[in-house]
Structure formats: structure tokens, C-alpha cells
Amino acid sequence: MTQADLAPDETVVILTPEGRIAPSAAAEPYLARLERADDELWRTALRQMTLVRAFDRESTNLQRQGQLALYVPCEGQEAAQVGSGLATRPQDAIFPSYREHAVGLTRGLDLVRVLALLRGVTNGGWDPAEAGNFRNYVLVIGSQALHAAGYAMGQTLDGVVGTGDPERDEATIVYFGDGATSQGDVNEALVFARSFDSPQVFFLQNNHWAISVPVRVQSPVPLHRRADGFGMPGVRIDGNDVMASWAVTGELLDRARAGGGPAFIEALTYRMGAHTTSDDPTKYRTREEEQYWRERDPIERLEKHLRARGEEGAFFDALAEEAADYAADIRRRTLELPNPDPLVMFDHPYAEPHAVVAAQREAYLDFEASFDEEAGA
Ligand SMILES: Cc1ncc(C[n+]2csc(CCOP(=O)(O)OP(=O)(O)O)c2C)c(N)n1
Ligand SMILES: [Mg+2]
């Protein structure tokens with residue numbers, strides 16, 4: 001990864017790493033939208049990014065302390081996620097993979113539900129209807145792209161696309177990673193979306209790694225250019241620039257809601273931490289690369305911008321305090337999550353009784369009973 005990858009002619013950059021508004025040539029079509037944003041929006045964005053980072057670090061600690069089976073960090077990707085999340089409208093449908101905690105926050109998801117999932121005390125995690133239509137996480141790489149494609153086709157069939165009523169028109173946004181672009185599901189979803197001109201935005205977070213496989217192995221060409229082959233616009237953004245993420249996603253979601261069809265966004269970003277808490281990135285990547293991205297931190301650049309705009313220190317102090325309280329509250333509520341009755345896991349795989357599940361349930365009961373026998377012996 002070099003600066004050349006952020007070539008201004010191909011990448012939408014609005015807020016530089018130094019916190020200055022200096023739009024690249026590719027940003028030109030999105031600048032009118034930027035006029036609609038005010039400092040209040042950017043304060044909201046900074047607040048959400050800061051809360052998620054505190055959540056991320058607290059959750060990593062919880063996993064290390066044996067309180068979670070696994071944690072999937074999103075540190076470094078907050079701008080891509082918060083910017084695009086804030087660009088959605090309440091009626092839109094959001095299909096995440098498993099790292100989109102910050103998008104969830106923008107939609108009103110209580111992030112304790114993510115930790116309930118990773119603590120293994122819930123099967124699905126949350127009810128999307130109560131979480132801003134933020135759908136459930138999936139671990140099968142790329143599968144959500146097809147779920148989203150089907151949902152978006154349904155939005156067209158429901159007649160909620162291109163009605164001209166901005167409160168009514170809907171779109172779907174699906175998040176996936178650079179590794180997922182090699183999956184059949186993602187490619188099939190792109191074909192379907194364009195064939196049916198569904199109201200769907202494909203949001204790729206290119207965090208440069210699929211566990212230990214670098215993105216250059218997934219694709220010899222910049223991934224946003226693949227959109228051309230599917231017949232839809234492909235826009236690359238500086239994914240650590242919350243303004244670029246917000247403006248481009250907003251523009252392409254508007255287009256989709258109006259009946260203009262699907263579009264593809266490649267957000268260039270970086271997974272600062274491990275793939276998950278089961279991974280050790282020191283085995284496959286260099287300190288220099290990590291340092292390069294540390295210097296492009298999405299939160300720091302927005303903070304610099306707001307300070308330059310005259311935001312007082314008291315705002316940042318209050319935010320730091322709020323983030324610490326938020327993390328402490330997440331910890332407390334995670335430790336209080338009730339353990340479900342283990343037999344519940346056999347209740348829902350099928351609507352009707354099923355012989356294999358019944359046998360597994362019996363085997364589990366025998367297993368449990370064996371502890372009583374041991375204790376009695
Ligand atoms: C179908 C499938 N194949 C393999 C895996 C194992 N796996 C889990 S995460 C991952 C890498 C995904 O990388 P990417 O799409 O770039 O997403 P990121 O984790 O970087 O956000 C793989 C191969 C899986 N979960 N599902
Ligand atoms: Mg990746």
C-alpha cells in the first residue's frame with residue numbers, strides 16, 4: 001500500500017489526514033451534497049466513532065478476560081462505517097457481515113447485542129425490526145450479498161422504489177470485505193442487482209487483508225473497477241475520511257431509491273487490529289504498514305478538523321468521558337447477560353419436529369446426566 005493507491009484522480013477524498021478539507025478531483029460530483037452537512041453532523045459522527053472505538057477496546061479486553069468466545073475488532077474502519085451508516089435513511093435495509101459494529105450504532109443497535117452473540121448466549125443476536133433494520137451478522141463470507149440482493153428485488157416489487165416520495169422510497173446497502181469479493185455469492189449478487197436494477201449499494205471495505213491473505217492476491221486490479229464489468233458505477237473512496245463515506249454513500253443511495261439501480265463503493269481502509277481475537281497479525285504484516293495507517297487514523301483527522309473549526313476543548317473532554325462511561329456500561333451489561341437454557345438450541349432449527357434434532361437433544365440430555373452420575377459415583 002502506497003500513496004499511489006490513493007491517487008486523487010481515482011479516489012474520493014474530502015478530509016485529508018491533516019484534518020483539512022481539500023477535495024480530490026474525484027470528489028467533485030459529491031461536493032454539492034457536502035453543503036447540506038453542518039458541524040452538528042460531524043460532531044455526531046465523531047461521537048459515534050469515538051464510542052465504537054471505546055466499545056472495541058473494551059470488548060477486546062472482555063475476550064481476553066474469558067468473557068467472550070471471540071471478538072471481531074473494527075478499529076480503523078470507523079469512518080467508512082459511520083459515514084455510510086449516517087447516509088442511510090430510516091426506511092433502508094442494512095445487511096452487515098460481522099465487523100460492522102459502527103454501522104449498527106448509527107442505526108440504533110444496542111451493541112451489547114453484538115457481545116451477546118460473541119458470548120454465545122443468543123442464536124441470532126437481535127431483532128432487526130428493533131434495530132433500525134440492521135440485519136443479523138453472518139459468518140459465511142459474502143452470503144449476505146445475496147440476502148441483500150433478494151431483499152432489494154423485493155423492495156422494487158413492493159413498489160417502494162422511484163415513487164418520488166423521499167420519505168417512502170427505500171434502498172438496501174450491503175457490507176462486505178475485500179476477501180469476500182472472491183466469493184461466488186458476491187459476484188452473483190452483483191449480476192442479479194444489475195439484471196433487475198435493484199435499489200442496492202454494495203459497500204466494500206477494503207481493509208487490505210482477508211485474515212492473512214493480502215488484497216493484491218484477491219485482485220490484480222483495483223476492486224472498484226470490477227463494477228464496470230457488472231455495468232454499474234464503481235467509486236473508490238478514502239475509507240478513513242468520514243466525509244467522503246457520507247457524501248458518496250448518500251449520493252448513490254439516493255440514486256438507488258430513485259430507481260437508478262445499483263452501485264458499488266470501495267472504501268480503502270485498514271483493519272488496525274487482528275482479524276479476530278484468535279488471530280496474530282504480527283505473523284504476516286509489517287510494523288511499517290501498520291504505522292502508515294496509524295497516521296491516517298479516521299478519528300484523529302475529524303477531531304483535527306473540528307478543532308480547527310473552533311470546537312472547544314470541553315466538547316472533546318466530555319466526549320472522552322462519555323466514551324469511558326459507555327465502555328463501562330457495556331462491560332457491566334455484558335457480564336449481566338443471562339445464560340439461556342441449553343435446550344433452547346434444539347427448539348428452532350425446524351418449525352416441525354425433526355428426527356435428527358430430536359436424537360441430538362436426547363444425546364445432549366444423556367451428556368448432561370452423565371455429570372450427575374459422576375457426581376453420585
Ligand atoms: C464461505 C467462507 N469461507 C471461509 C471462511 C473463513 N473466513 C472467515 S473471515 C475470512 C476472511 C474474510 O476477509 P474479508 O472479506 O476481507 O473481510 P474482513 O474480515 O477483512 O473484514 C475467511 C476466509 C468463512 N467464514 N466463510
Ligand atoms: Mg478484508
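**Exercise 1. Find which residues of helix α6 are buried, and what covers them.**

Step 1. Apply the cut-off: a residue is buried if 20 or more other C-beta atoms lie within 10 Å of its own, exposed if 12 or fewer, and partly exposed in between, with C-beta atoms placed from the backbone. In α6, Gln 144, Ala 145, Ala 148, Ala 149, Tyr 151, Ala 152 and Gln 155 pass as buried.

Step 2. Recall the geometry. An α-helix has 3.6 residues a turn, so residues three or four places apart point the same way.

Step 3. Look for the cover. It includes β2 (93–95), β3 (172–177), α7 (184–195) and β4. Contact here means that the C-beta atoms of two residues, placed from the backbone, lie within 7 Å. Helices (H or I, at least four residues) and strands (E, at least two) are DSSP runs, numbered from the N terminus.

Step 4. Check the length. Helix α6 (residues 143–157) has 15 residues and spans 22 Å from first C-alpha to last, close to the expected 21 Å. The expected span is 1.5 Å times one less than the number of residues.

Step 5. Go past the end. Gly 159 follows α6 and has a positive phi, near 75°.

A note on the model: it is predicted, local features need pLDDT of at least 70, side-chain atom pairs count only at pLDDT 80 or more, and totals for chains, interfaces and linings use all residues. Residues are numbered from 1 along each chain as its sequence is written, while chains are lettered from A and ligands numbered from 1 in the order in which they are written.

**Exercise 2. Describe the buried residues of α12 and α13, and their cover.**

Step 1. Start with α12 (residues 298–308). Its buried residues are Pro 298, Ile 299, Arg 301, Leu 302, Glu 303 and His 305.

Step 2. Name the cover of α12. It includes α2, α3 (78–87), α10 (242–257) and α13. Just after α12, Gly 310 has a positive phi of about 105°.

Step 3. Move to α13 (residues 313–335). This helix has 23 residues and reaches 34 Å between its end C-alpha atoms, close to the expected 33 Å. Ala 323, Ala 327, Ile 330 and Thr 334 are its buried residues. Their cover includes α2 (39–64) and α5 (112–119).

**Exercise 3. Classify His 208 and Ile 211: buried or partly exposed?**

Step 1. Place His 208. It sits in the loop between β4 (200–206) and β5 (209–210). Its phi is positive, about 75°, although it is not a glycine.

Step 2. Count for His 208. It has 20 C-beta neighbours inside 10 Å, so it is buried.

Step 3. Place Ile 211. This residue is in the loop between β5 and β6 (213–214). Its phi is also positive, about 50°, and it is not a glycine.

Step 4. Count for Ile 211. With 14 other C-beta atoms within 10 Å, Ile 211 is partly exposed.

**Exercise 4. Work out the surroundings of Phe 264 and Leu 223.**

Step 1. Take Phe 264, in strand β8 (residues 263–268). It is buried because 26 C-beta neighbours lie inside 10 Å.

Step 2. List its contacts. Leaving out residues up to four places away in sequence, Phe 264 touches Phe 202, His 224, Ala 227, Met 232, Pro 233 and Gly 234.

Step 3. Take Leu 223, in the loop between α8 (215–218) and α9 (226–230). It has 18 C-beta neighbours inside 10 Å and so counts as partly exposed.

Step 4. List the contacts of Leu 223. Beyond four places in sequence, they are Asp 178, Thr 181, Leu 204, Asn 206 and Glu 266.

**Exercise 5. Identify the closest residues around ligand 1 and sort the shell by type.**

Step 1. Count the shell. There are 14 residues around ligand 1, each with its C-beta atom, placed from the backbone, within 6 Å of it. The closest are Ile 141, Gly 177, Gly 179, Ala 180 and Ala 210.

Step 2. Sort them. Seven are nonpolar, four polar and three charged. Ala, Val, Leu, Ile, Met, Phe, Trp, Tyr, Cys and Pro count as nonpolar, Asp, Glu, Lys and Arg as charged, and the others, Gly among them, as polar.

**Exercise 6. Summarise the whole chain.**

Step 1. Count elements. The chain has 14 helices and eight strands.

Step 2. Test the fold. The radius of gyration is 22 Å, close to the 21 Å of the globule rule for 377 residues, so the chain is as compact as a globular protein of that length. The radius is taken over C-alpha atoms, and the rule is 2.2 Å times the number of residues to the power 0.38.

Step 3. Add burial. Of the 377 residues, 43% are buried.
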